[in-house]
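The following paragraphs walk through one protein model, beginning with a single residue and ending with the overall fold.

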Amino acid sequence: MDKQDALDAFAALSQATRLDVFRLLIKAGDAGMSAGDISDTLNVRQNTMSANLSILTRAGLIRSTREGRSIRYFADMDGMRGLLAFLMEDCCGGRPDLCQPVINEIACAC
């Protein structure tokens, strides 16, 4: 991920609803969620949600797949990994022991 991609991702996540959507989709995992279910869960109007989903998609943080007449959304784990890698690229001045607590904190325990 380059600097501009990281800035786009941060801009997308800098709004409360979009951050909530991203975290919700991470929690949903491989099952993802339909746009309607996301709207209902977060109590956000569907047209507003549509705009937020578009911004997150353009930022590379979520992806979607069409299922008949509806669209299912998923957290884009490659996008998230890219953002985390960008942030930690020069971590700890070459001392991996200083980075390990951060890596342990973000590692999935599942």
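Start at N52, which contacts Q15, T17 and R18 once its neighbours within four places in sequence are set aside. The model is a predicted one. N52 itself lies in helix α4, which covers residues 46-58. Is N52 buried or exposed? Its relative accessible area is 6%, and the limit for a buried residue is under 20%, so N52 counts as buried.

One of the contacts of N52, T17, also takes part in a helix pair. Two packed helices are described by the angle between their axes and the distance between the axes. For helix α2 (residues 16-28) and helix α3 (residues 35-42), the angle is about 115° and the axes are 11 Å apart. The crossing of α2 past α3 is right-handed. On the α2 side, the residues that meet α3 are T17, D20, V21, L24 and L25; on the α3 side they are I38, T41 and L42. By type, the residues of this contact comprise five nonpolar, two polar and one charged.

Two of these contact residues, L25 and I38, turn up again in the nonpolar interior. In soluble globular proteins, nonpolar side chains tend to be buried together. Here the largest nonpolar core has 21 residues, and the members that touch the most others are L25, I38 and L61. Two or more residues of this core come from each of α1 (3-13), α2, α4, β3 (70-75) and α5 (77-88).

What does L61 touch, apart from residues up to four places away in sequence? The list is A9, A12, L13, F22, L56, F74, A75, D76 and G79. Among these, A9, A12 and L13 fall within the α1 range of 3-13, while F74 and A75 fall within the β3 range of 70-75. L56 belongs to the stretch 46-58 that forms α4, the helix that also holds N52.

The whole chain can now be put around these details. The protein has six helices and three strands, and from the N terminus on the elements run α-α-β-α-α-β-β-α-α. Of its 110 residues, 29% count as buried. Among contacts between residues at least 6 apart in sequence, 51% join residues at least 24 apart. The C-alpha atoms fill a box of roughly 50 × 30 × 25 Å along the principal axes. The exposed area is about 7300 Å², of which carbon and sulfur atoms supply 52%.

Note on methods. Residues numbered from 1 in each chain as written. Predicted model: local features only at pLDDT ≥ 70, side-chain atom pairs only at ≥ 80, totals over all residues. Heavy atoms only, no water. Helix = DSSP H or I, 4+ residues; strand = E, 2+ residues; numbered from the N terminus. Buried < 20%, exposed > 50% of the residue type's maximum accessible area, 1.4 Å probe, protein only. Contact = heavy atoms within 4.5 Å. Axes fitted to C-alpha atoms, helices over the stretch in contact; angles between N-to-C directions. Left-handed = near helix turned anticlockwise from the far one by under 90°. Nonpolar A, V, L, I, M, F, W, Y, C, P; charged D, E, K, R; others polar. Areas by Shrake-Rupley, 256 points an atom, 1.4 Å probe, with all protein chains shown as cover. Core = buried A, V, L, I, M, F, W, Y, C linked by side-chain atoms within 4.5 Å.
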